[in-house]
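This report describes selected salt bridges and the exposure of the residues that form them. The sequence and structure are shown first.

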Amino acid sequence: KIKGFPFIPELPNLQKLSISENQIQNVEEIPKLKVYDKLFKINLDGNPYFDNSGVAPKTEILIQLEGINVKFVNKEEINNEDREDAVKVKEERRQKAEEERLQREEEERQRKEEEERLRLEKEEEERQKREEEERERKAKEEEERLAREEGERKKKEEEEEEKKKTEEEKKEEEGEEKEGDEVEGKEEEEKENEENNEEEDNQE
């Protein structure tokens, strides 16, 4: 059974076509028959698409074969009301397709906005994280700097204290040496005085 029209034979004078009771399920197959511009009578009764489309076969054929002067569909004659119905259904489909297109565009816009929002949110989180890491790094550096300065200050104080202590010890040693020299000088002077006194006594 026929499911579609992968190959359209050249029949330029074809006026009547019956392909009823087949397996045509895709409506996109029907416009392929527009090559038969002299076609005025067509029978597609019993095909799955037309059985399940919810649209009258005459209406569907008039829509799909627009531009061809079809006068009979499934043995039923086309009248003005059928043609008006076809125009109405086609416009309804066009509006529905436009609404679906706009809806898809809106959904795509919202999706992109959400992606952009998430991207900016992620960038902001990363920026805040970098700033926090930079603050922590600077705080650590400042802490280390203060610790070094404190260490240097204490070291300097210790050195100053040690220097002061050394100077005091040196002064004490110099004082003791001076005192020793004075005592020794005094003793020598006393001894010299005694010797002089003895010499004077002997001379007498």
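## The R109–E106 pair

R109 and E106 form a salt bridge whose closest N and O atoms are 2.3 Å apart. The model in which this contact occurs is predicted. Both residues belong to helix α3, where a spacing of three residues separates R109 and E106 by about one helical turn.

Neither end of this bridge is classed as buried: R109 is partly exposed at 36% relative accessibility, and E106 is partly exposed at 32%.

## The R153–E157 pair

A further salt bridge in helix α3 joins the side chains of R153 and E157, with an N to O distance of 2.4 Å. The two residues are four positions apart, about one turn of the helix.

R153 has a relative accessible area of 38% and is therefore partly exposed. E157, at 44% relative accessibility, is likewise partly exposed.

## The K58–D82 pair and its network

Salt bridges with shared partners connect K58, E76 and D82 in one network. Within it, the side chains of K58 and D82 meet at 3.0 Å, N to O. This pair links distant parts of the chain, as K58 lies in helix α2 (residues 57-64) and D82 in helix α3 (residues 80-203), 24 residues apart.

K58 counts as buried because its relative accessibility is 14%, under the 20% cut-off. D82 is also buried, with a relative accessible area of 9%.

## Overall count

The pairs described above are among 25 salt bridges counted in the predicted model.

Methods:
Residues are numbered from 1 along each chain as its sequence is written. This is a predicted model: local features need pLDDT of at least 70, side-chain atom pairs count only at pLDDT 80 or more; totals for chains, interfaces and linings use all residues. Side-chain values use heavy atoms; hydrogens and water are left out. A salt bridge is a side-chain nitrogen of Lys or Arg within 4 Å of a carboxyl oxygen of Asp or Glu. Buried means under 20% relative accessible area, exposed over 50%, partly exposed in between (1.4 Å probe, protein chains only).
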